[in-house]
Amino acid sequence: MEWRGRRQSGNVEDRRGVSPGGGPFGRGGGFRFPSGGGGMRRGGGGLGIGGIVLVLIVCWIAGINPLTMLTGELSTNGGSTQQQTTGTPADDESTAFVSTVLAETEDTWNGIFQAHGQQYQEPMLVLFSGQVNSACGFASAASGPFYCPGDRKVYLDTSFFRELSQRFDAAGDFAEAYVIAHEVGHHVQNLLGILPRFNQARQRMSETEANRMSVRVELQADCFAGVWAKFTEQRGILERGDLEEALNAAQQIGDDTLQKRTQGYVVPESFNHGTSAQRMEWFRRGFDTGDINACDTFAAQM
């Protein structure tokens, strides 16, 4: 992925080295880039996917019930969601990479929303180390990258990239970019106004039904990531092997593959992200079409 030398987003907040309660911990200092302002005003329509009931999942790998972040039901460690950032920006490669990928998602989704007569509100991306508080509550790095609809921010501990490579055999900068693009896909779903509708609908759902809905949401986020990847290809950023890196990452983090690796057997009714084959299929569909209207996972047979 030819990302060096390209525009970097200003919507990155670095909380690494800052404790969830506001005091310093660990090594290094934190810093904050200025955020982009403005809200999204929605007209009628909704990018051609309106009316689909969706649910946002925040965990990639393990640990947290993926439905709890939707309503802020995680423990908030005393209720505080305020964090303090100190220090000066660190010109490290991981920050530059994340900022560049986020900028590419901004360019893609600003263009798509504008083409549909709407305004895209760019999300903030928060870098943290170890643990973090968000508007959705407290989370640790073990929960993986996540998006919180309560504050419209993506949260990422970049050590996840090392785990993705070493533990899950999904190395490569475009595999890492896919992770970011997937979480931004959840932000797009939130901007469409469908997550509050799911919160109402889930009150009438069993856990099994909610898991099934979750799979469809995760697969749509994968498809949106594929749409983004198509636009990066058109801008001449992709290098040979990049697409394969993303597809391999999608394969390695499928529910069935993860369960086989961790417990030796699969429990299909517990799936909430989709199988490896499904995740690869929907990412590829987004990439092949470059069209968000091809990402209607609810119209597909599963």
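**Exercise 1. Strand 3 and its partners**

Which residues of strand 3 are buried on one side, and which on the other? Find also the strands that pair with strand 3.

*Solution.* The structure is a predicted model.

Step 1. In a regular strand the side chains alternate between the two faces of the sheet. The residues of strand 3 are therefore sorted by face before burial is read, with buried meaning under 20% relative accessible area.

Step 2. Met124 and Val126 lie on one side of strand 3, Leu125 and Leu127 on the other, and all four are buried. Both faces of the strand are covered.

Step 3. Strand 1, residues 12–14, pairs with strand 3 in the parallel sense over three bridges. Within that pairing, Val12 has Leu125 as its bridge partner.

Step 4. Strand 7 also pairs with strand 3 in the parallel sense, over four bridges. Here the bridge partner of Met124 is Lys153 of strand 7.

**Exercise 2. Strands 4 and 5**

State the sense in which strand 4 and strand 5 pair, and how many residues lie between them.

*Solution.* Step 1. Strand 4 covers residues 131–134 and strand 5 covers residues 137–140. The two pair in the antiparallel sense, over four bridges.

Step 2. Two residues lie between the strands, and together strand 4 and strand 5 form a hairpin.

Step 3. To place one pair across the hairpin, take Val132, which stands opposite Ala139 in strand 5.

**Exercise 3. The nonpolar cores**

Describe the largest nonpolar core: its number of residues, the elements that supply it, and the contacts of Trp109.

*Solution.* Step 1. The core holds 56 residues, and those with the most contacts inside it are Met1, Phe97, Trp109 and Ile180.

Step 2. The elements giving two or more residues to this core include helix 1 (93–115), helix 3 (173–191), helix 5 (207–234) and helix 8 (276–289), as well as strand 3 (124–127) and strand 7 (153–156). Helix 3 makes the largest contribution, 10 residues.

Step 3. With neighbours within four places in sequence left aside, Trp109 is in contact with Tyr120, Val184, Val188, Phe224 and Ile292.

Step 4. Another core lies apart from this one and has eight residues, including Val126, Phe128, Val132 and Ala139.

**Exercise 4. Two residues of helix 1**

Are Phe97 and Thr100 buried or exposed? List what each one touches beyond its sequence neighbours.

*Solution.* Step 1. Phe97 lies in helix 1, and Thr100 is found in helix 1 as well.

Step 2. Phe97 counts as buried because its relative accessibility is 4%. Thr100, at 1%, is buried too. The cut-off for both is under 20%.

Step 3. Outside four places in sequence, Phe97 is in contact with Met1, Trp3, Phe161, Asp173, Glu176, Ala177 and Ile180. One of these, Glu176, is 79 residues from Phe97 in sequence, and the C-alpha to C-alpha distance between them is 9.4 Å.

Step 4. On the same basis of counting, Thr100 touches Trp3, Arg6, Arg7 and Gln8, with residues up to four places away excluded.

**Exercise 5. Helix 6 and Met205**

Name the buried residues of helix 6 and the helices they pack against. Then classify Met205 by its relative accessible area.

*Solution.* Step 1. In helix 6, the buried residues are Asp242, Leu243, Ala246, Leu247, Ala249, Ala250 and Gln252.

Step 2. These buried residues pack against helix 3, helix 7 (255–263) and helix 8.

Step 3. Met205 sits in the loop between helix 4 (195–201) and helix 5. Its relative accessible area is 21%, so Met205 is partly exposed.

Step 4. Leaving out residues up to four places away in sequence, Met205 touches Phe198, Ala210 and Met213.

**Exercise 6. The second largest pocket**

How much space lies in the second largest pocket, and which helix gives the most to its lining?

*Solution.* Step 1. The pocket holds about 200 Å³ of space.

Step 2. Its lining consists of Thr208, Asn211, Arg212, Val215, Arg216, Pro268, Glu269, Phe271, Gln278 and Met302.

Step 3. Helix 5 gives the most to this lining, with five residues.

Step 4. Sorted by character, the lining has four nonpolar, three polar and three charged residues.

Note on methods
Residues numbered from 1 in each chain as written. Predicted model: local features only at pLDDT ≥ 70, side-chain atom pairs only at ≥ 80, totals over all residues. Heavy atoms only, no water. Core = buried A, V, L, I, M, F, W, Y, C linked by side-chain atoms within 4.5 Å. Buried < 20%, exposed > 50% of the residue type's maximum accessible area, 1.4 Å probe, protein only. Contact = heavy atoms within 4.5 Å. 1 Å grid on protein atoms, 1.4 Å probe; cavity = no way out; pocket = protein on both sides within 12 Å on 5 of 7 lines; lining within 4 Å. Points joined across faces, edges and corners; volume = space filled by probe spheres on them. Nonpolar A, V, L, I, M, F, W, Y, C, P; charged D, E, K, R; others polar. Pairing = 2+ DSSP bridges.
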